[in-house]
Amino acid sequence: MWLDILDRGYRPGTKLLFALIRLLSGQPLPDAAKVVFYRPDFYGTRAKEFTHEAMRGPSAWSVGDRELMAAYVSQVNECAFCVGAHTATARQACHDASRVAAVLTDLDSAPIEEPLRATLRMLGRLTREGKAGAEDMRQVLAAGASPEQVKDALAVCAAFNVTNRLADAFGFERLTPQGYEAGARHLLKRGYR
Amino acid sequence: MTGGHLPPVANKTEGIVPDEDDKQAAFRALADRVLNGEGQASARQRAGAFRNHGLAPPLAALIGKVADRPAQVTREDLAAARASGCTEDQLFELVICAAVGHSARLYEAGLSALAEATGEGSPGHVA
């Protein structure tokens, strides 16, 4: 972590909680989890609320599909920490490692449903170029995604464009494979709140 | 921008925005807080970071990277902003504002394009 306050600036009760989590999980608390505990009234409380709503709130997309979107957006942003975290979570949620790997290797040929493929393509363009037009959306709708699904996907995209930037700018430490797997289990059990 | 989906968050949010879903409302609450709530960076600086506009160097360089090329941010970019007089708490706030601001623009662009594609959101759709 590149700011000292994000390593050491927590209240005693929060430090105790971090120690307890480390003890129980056998893994240090990931920096992504730590950052929401720092002055939570500024960022963490509302960020958790929004991210949870986007990733676990009501949606026609499955949790696995949304985790895959998170991994894909993170890959477009070249955010190694978040790619690791959300490929692990998507793999566990989908019970299918090859599906996740295929999407991240070559979206066009990945064995996934057309509405999801078209949605990921649109999220990639929006994230990469910072814009999207009506034609992009017509293609997603023509592939079979509903307008509500597009809105839900845009919420996932917004959540991860925030998190990816904090990971890069605050220098989130990458985890071991075991650390990512443990984090993924937590995210599937408890969500983002 | 056609407006209406995530209206300007630089002002205090009042009332409920028509057609806004729970996800958009939760995002707006986050954006509204980082811009308009209490902070150690001035509201003007936070608005500048959110919009990626009007900040002085070297802060402008850091915030520009956070918004547009986040993978290229380095520890040195943060150190330079620190050396120019920002505290760590101010940098914490300003980096968050830059990240939320960029995402707000993406979210808005996507929702506007969707509204255009589905024939909703004609000009004047929302105040």
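Here's a quick briefing on how the helices and the two chains pack in this structure.

It's a predicted model, so local features need pLDDT of at least 70 and side-chain atom pairs count only at pLDDT 80 or more, while totals for chains, interfaces and linings use all residues. Residues are numbered from 1 along each chain as its sequence is written, chains are lettered from A in the order in which they are written, and side-chain values use heavy atoms, with hydrogens and water left out. Chain B and chain A bury about 4000 Å² between them, and a search of the whole structure turns up 19 salt bridges over all chains.

**The interface of chains A and B**

- Of the area buried between chain B and chain A, 71% is on carbon and sulfur atoms; buried area here is the accessible area (1.4 Å probe) that two parts lose on being put together, summed over both.
- Chain B puts 44 residues into the contact and chain A puts in 43, where contact means heavy atoms within 4.5 Å.
- Four salt bridges cross this interface (a side-chain nitrogen of Lys or Arg within 4 Å of a carboxyl oxygen of Asp or Glu).
- Asp152(A) and Lys23(B) form a salt bridge through their side chains, at 3.8 Å, N to O.
- Helix 10 (residues 147-170) of chain A and helix 1 (residues 22-36) of chain B have axes that come within 9 Å and cross at roughly 25 degrees, which makes the two helices roughly parallel.
- For reference, helices are DSSP runs (H or I, at least four residues), numbered from the N terminus.
- Axes are lines fitted to C-alpha atoms over the stretch in contact, and angles run from 0 to 180 degrees between N-to-C directions.
- Angles under 35 degrees count as roughly parallel, and those over 145 as roughly antiparallel.
- On the chain A side, Lys151(A), Asp152(A), Ala155(A), Ala158(A) and Val162(A) of helix 10 make this helix contact, with Lys23(B), Gln24(B) and Phe27(B) of helix 1 on the chain B side.
- By class, that's four nonpolar, one polar and three charged residues (Ala, Val, Leu, Ile, Met, Phe, Trp, Tyr, Cys and Pro count as nonpolar, Asp, Glu, Lys and Arg as charged, and the others, Gly among them, as polar).

**Helix pairs inside chain A**

- Helix 5 (residues 63-76) and helix 6 (residues 80-94) of chain A have axes that come within 8 Å and cross at roughly 160 degrees, so the pair is roughly antiparallel.
- The contact of helix 5 with helix 6 of chain A has nine nonpolar, six polar and one charged residues.
- Helix 8 (residues 114-129) and helix 9 (residues 134-142) of chain A also come within 8 Å, axis to axis, crossing at roughly 160 degrees, which makes them roughly antiparallel.
- Ala118(A), Thr119(A), Met122(A) and Arg125(A) of helix 8 touch Asp136(A), Met137(A), Gln139(A) and Val140(A) of helix 9, giving four nonpolar, two polar and two charged residues.

**A salt bridge within chain A**

- Asp65(A) and Arg99(A) pair up in a salt bridge at 3.1 Å, N to O.
- This pair links distant parts of the chain, with Asp65(A) in helix 5 and Arg99(A) in helix 7 (residues 97-105), 34 residues apart.

**Backbone details to check**

- The peptide bond from Pro57(B) to Pro58(B) is cis, with omega near 0 degrees, and Pro58(B) sits in the loop between helix 2 (43-51) and helix 3 (59-68) of chain B.
- His95(A) isn't a glycine but has a positive phi, near 55 degrees; His95(A) lies in the loop between helix 6 and helix 7 of chain A.

Notes:
Parallel < 35°, antiparallel > 145°, perpendicular 65-115°, else oblique.
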